[in-house]
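Got the viewer open? Here's a short tour, one selection at a time.

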Amino acid sequence: MPNQDNDQIIVWSEGNMTQTRNISANLSNPYSLFVTTTGDIYVDTFNSIGIVGKITLNSTISIPTMYTCQQCWDLFVDISNTLYCSISGRNQVVAKSLNNGSNRLTIVAGTASPGSASNMLHNPYGIFVDINFNLYVADCGNDRIQLFPSGKLSGTTVAGVGSLNTTITLDCPTGVVLDGNDYLFIVDSGNNRIIGSGLNGFQCLVGCSGSSGSASNQLNDPWSLSFDSFGNIFVADQGNHRIQKFVLSTISSGKFNKDKIVK
């Protein structure tokens, strides 16, 4: 993950946590990164003009890939090799194809003005694109998760304020992930917890005590989450300056059992 204080990426292997690799790659206050299945790293280098750089496997050289003019608060590369950037300061999500050398950016969500209409965003952060190219946005300022169908600039609220069906109350969500069963996982940053959906709707999975803290079952201003290939959850626990790992046990029906989440 990016280390904002030291302007470097720290890569470590869970199998051998004593071995790490630091990648500086001329970073400046990085906030987001995305690692592809081939090991390439896309990172928000955020120098004076706003650049997303690409670092190939086993390299420490950052190659400019996207020029955004502002900070990318989250990055995503979809299965068609399109790079997405969430620009909170512009209340938009933009994208560009990595299959050609053009830096042409396409607006895929947001109008540049903050708002709560279906085609607007307010301080968006985390983003996720599924295999059908539908875009999910953690719309922090509106306390909701917005779903923008592929090619559409008007979204639907699938969790939080304004959702058509009763879901769950959110407070500045900053991260969103869709798993292989199409269940949503949300970093509910303002409530210091992780939310997950399942057969019975949304429920709290981690940080369910109702308050922030540094105990193994607590979070403090969490920012983002990721899964590994075994279904374990890794959370960037920003306020505690740590990465927390939670093992998520499931049963064959796909219902998540929150009582079996452990550090």
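Start by selecting Asp237 and Arg242: aspartate 237 stands opposite arginine 242 in strand E22. Keep in mind that this is a predicted model. Now widen the selection to strand E21, residues 233-237, and you'll see E21 pair with E22 in the antiparallel sense over five bridges.

Add E20 and you have the whole sheet: three strands, open, in the order E20-E21-E22, with antiparallel pairing. Strand E20 (222-227) and strand E22 (242-246) each have a single partner strand, so they stand at the edges, with one side of each left without a neighbour in the sheet. From one strand to the next, the twist averages 20°.

Zoom out for a second. The chain has zero helices and 22 strands, so a cartoon view is a good way to keep your bearings. Of its 263 residues, 49% are buried. If you switch on a surface, the accessible area comes to about 12,500 Å², with 49% of that belonging to carbon and sulfur atoms.

Next stop: strand E6, residues 51-55. Four of its five residues are buried. On one pairing, four bridges join E6 to strand E5 (residues 41-44), and the two run antiparallel; pick isoleucine 41 and you'll find its bridge partner in E6 is isoleucine 55. E6 also pairs with strand E7 (residues 63-67), again in the antiparallel sense, over four bridges. Here glycine 53 has proline 64 in E7 as its bridge partner.

Now for the rings. The count of aromatic pairs comes to seven. Select Trp73 and Trp223: the ring centres are 5.8 Å apart and the planes are at 45°, so this pair is tilted. Tryptophan 73 lies in the loop between E7 and strand E8 (74-77), while tryptophan 223 is in strand E20, so the pair ties together parts that are 150 residues apart in sequence. Tryptophan 223 counts as buried, at 16% relative accessibility. Add Tyr31 and Tyr125 to the selection, and you have a cluster of Tyr31, Trp73, Tyr125 and Trp223 linked by ring pairs.

Stay with E20 for the last stop and pick phenylalanine 227 along with phenylalanine 185. Which kind of aromatic pair do phenylalanine 185 and phenylalanine 227 form? The pair is edge-to-face, at 4.8 Å centre to centre with 80° between the planes. Phenylalanine 185 sits in strand E17 (residues 184-188) and phenylalanine 227 in strand E20, 42 residues apart. Buried or exposed? Phenylalanine 185 is buried, with a relative accessible area of 0%, whereas phenylalanine 227 counts as partly exposed at 28%.

Note on methods:
Residues numbered from 1 in each chain as written. Predicted model: local features only at pLDDT ≥ 70, side-chain atom pairs only at ≥ 80, totals over all residues. Heavy atoms only, no water. Buried < 20%, exposed > 50% of the residue type's maximum accessible area, 1.4 Å probe, protein only. Areas by Shrake-Rupley, 256 points an atom, 1.4 Å probe, with all protein chains shown as cover. Pairing = 2+ DSSP bridges. Axes fitted to C-alpha atoms, helices over the stretch in contact; angles between N-to-C directions. Phe/Tyr/Trp six-rings, centres within 6.5 Å; stacked < 30°, edge-to-face > 60°.
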